[in-house]
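User: I have a model in front of me and would like to go through it by question and answer. Please keep the replies short and end each on the value or name I ask for.

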Amino acid sequence: MKQTRLVIVVPCYNEEEVLPESTLRLFQVIDTLKRQRQIDSGKILYVDDGSKDHTWSLIKQYATDSHIAGLKLAHNVGHQKALWAGLEWAVSYADIIISIDADLQDDEEAIYSMINYYHKGVDIVYGVRKGRKTDTFFKRYTAQAFYRLMNGLGGNIVYNHADFRLLSRRALQSLLSFPERNLFLRGMVHSLGYPSAIVYYNRKERFAGKSNYPLKKMVEFALDGITSFSVRPLQYITYIGLFFIFVSILAIVYGLCSYIAGNTMPGWTSLLVSVWFIGGAILLACGIIGEYIGKIYTEVKRRPHYFVEEYTGINKRSI
């Protein structure tokens, strides 16, 4: 069996309540994998995404153990960029990279199955939840609608997969070659095309604390995903425009026929409805186009994803 070094990348934002338990469970996973000779070494990399609590203090405390390291970002840049920061460091150290959230809702026991797939030659292993029983009614159905919409628009992402996944070294190197500034890792990873597999697991209740992903962030994330991996909304604007042209032709024909027949009468109601409807459609189209222009604006500036304020348990040459 080939030599293997594992890094588990864990983005953190205000996770002081769950971090002790997360560290304990992930450390147990690494210890078990080493005893089973599935890996030769393992490390947990916490990425503090500008936390306002004592998350970084805990990470520095835990990093006295050689199995734990930490990156502290200069400010909050969001989950996807924080994860990207961890991946960029991990690629210089690890043969296997697993990303998982700190809230312990993803089942760390699924990592064993992921490693088994890796040793069979699989480069990407997706952690996919079996259901959404732990979600609220609203979150459950909006999430399902998002996945259906993404696939319907050509996004082609794995249903019910978040950011719990395994990447081989070569898969991660390929992922990091993507020049995007607008990160939607679920779509980017799936577009790599390397051999992949799926591990199903039951998602658990959050161990402690509260979710750091409110409705506003979920909506922004959904918009990022749609506009980063599909141009179909722009195509739909064209279809809507053609539809309105067709309707206007029918209206012109109707108007001419009514005029010839002498049946014309004041049509302020129909005119008012038409103006409001077409005006709303135009504003919606402008909004969709604006989203894509905003993405272009972000990309051409080429600003760094993040800045590292401090690090611990990491070789400086690796970051």
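User: In which sense do E3 and strand E8 pair, and over how many bridges?

Analyst: This is a predicted model. Strand E3 spans residues 68–73, and strand E8 spans residues 308–312. Within this pairing Leu71 stands opposite Tyr311. The sense is antiparallel, and the number of bridges is four.

User: How do E2 and E3 run, and how many bridges join them?

Analyst: Strand E2 covers residues 41–48. Ile44 stands opposite Ile68 in E3. E2 and E3 run parallel, and the number of bridges joining them is five.

User: Which helix makes a β-α-β unit with E2 and E3, and what is the hand of that unit?

Analyst: E2 and E3 are parallel strands. The third member of the unit is helix H2, residues 55–62. The hand of the unit made by E2, H2 and E3 is right-handed.

User: Why is strand E3 described as largely enclosed by the rest of the structure?

Analyst: In general, side chains of a regular strand alternate between the two faces of the sheet. In E3, Ile68, Gly70 and Lys72 point one way, while Ala69, Leu71 and Leu73 point the other way. Residues pointing either way are buried. E3 is largely enclosed because the count of buried residues is six of six.

User: Is Asp48 buried or exposed, and what is its relative accessibility?

Analyst: Asp48 is located in strand E2. Beyond its neighbours within four places in sequence, Asp48 is in contact with several residues, among them Cys12, Trp56 and Lys72. Buried means under 20% relative accessible area. Asp48 therefore counts as buried, with a relative accessibility of 0%.

User: How far apart are the closest N and O atoms of Arg25 and Glu21?

Analyst: Arg25 and Glu21 are four residues apart in helix H1 (residues 19–35), so about one helical turn separates them. Arg25 is buried at 19% relative accessible area, whereas Glu21 is partly exposed at 22%. The two form a salt bridge, and the closest N and O atoms are apart by 2.9 Å.

User: Which residue forms a salt bridge with Asp31?

Analyst: The partner also lies in helix H1, four residues from Asp31, or about one turn of the helix. Asp31 is partly exposed at 34% relative accessible area, while its partner, at 58%, counts as exposed. With the closest N and O atoms 3.3 Å apart, the partner of Asp31 is Arg35.

User: How many residues apart are Lys60 and Glu310?

Analyst: Lys60 and Glu310 form a salt bridge, with 3.6 Å between the closest N and O atoms. The pair links distant parts of the chain, Lys60 being in helix H2 and Glu310 in strand E8. Lys60 is partly exposed at 37% relative accessible area, and Glu310 is partly exposed at 30%. Their separation in residues is 250.

User: How many salt bridges does a search of the whole structure find?

Analyst: As a general point, side chains of opposite charge can pair when their charged atoms come close. Here Asp163, Arg165 and Arg186 are linked in a network of salt bridges. The number found in the whole structure is nine.

User: Which strands do the buried residues of H4 pack against?

Analyst: Helix H4 covers residues 110–119, and its buried residues are Ala110, Ile111, Tyr112, Met114, Ile115 and Tyr118. Just after H4, Gly121 takes a positive phi of about 100°. The buried residues pack against helix H1 and also against strands E1, E4, E5, E6 and E7.

User: Which residues make the nonpolar surface patch of about 390 Å²?

Analyst: One member is Phe243, in helix H9 (residues 232–261). Phe243 is partly exposed, with 49% relative accessible area. A patch residue must have over 30% relative accessible area. The patch is made by Phe243, Phe246, Val247 and Leu250.

User: What percentage of the residues in the protein is buried?

Analyst: The protein has ten helices and eight strands. Of the contacts with a separation of 6 or more, 83% are between residues 24 or more positions apart. The accessible surface comes to about 17,100 Å², and 61% of that belongs to carbon and sulfur atoms. Of the 319 residues, the buried share is 44%.

Notes:
Residues are numbered from 1 along each chain as its sequence is written. This is a predicted model: local features need pLDDT of at least 70, side-chain atom pairs count only at pLDDT 80 or more; totals for chains, interfaces and linings use all residues. Side-chain values use heavy atoms; hydrogens and water are left out. Patches are made of residues with over 30% relative accessible area and no salt bridge: like charges are joined within 9 Å, nonpolar side chains (Val, Leu, Ile, Met, Phe, Trp, Tyr) within 5 Å. Accessible areas come from the Shrake-Rupley method with a 1.4 Å probe; for residues, only the protein chains shown count as cover. A salt bridge is a side-chain nitrogen of Lys or Arg within 4 Å of a carboxyl oxygen of Asp or Glu. Helices (H or I, at least four residues) and strands (E, at least two) are DSSP runs, numbered from the N terminus. Buried means under 20% relative accessible area, exposed over 50%, partly exposed in between (1.4 Å probe, protein chains only). Contact means heavy atoms within 4.5 Å. Two strands pair if DSSP finds at least two bridges between them. A crossover is right-handed if, with the strands pointing away from the viewer, the path from the first strand over the helix to the second runs clockwise.
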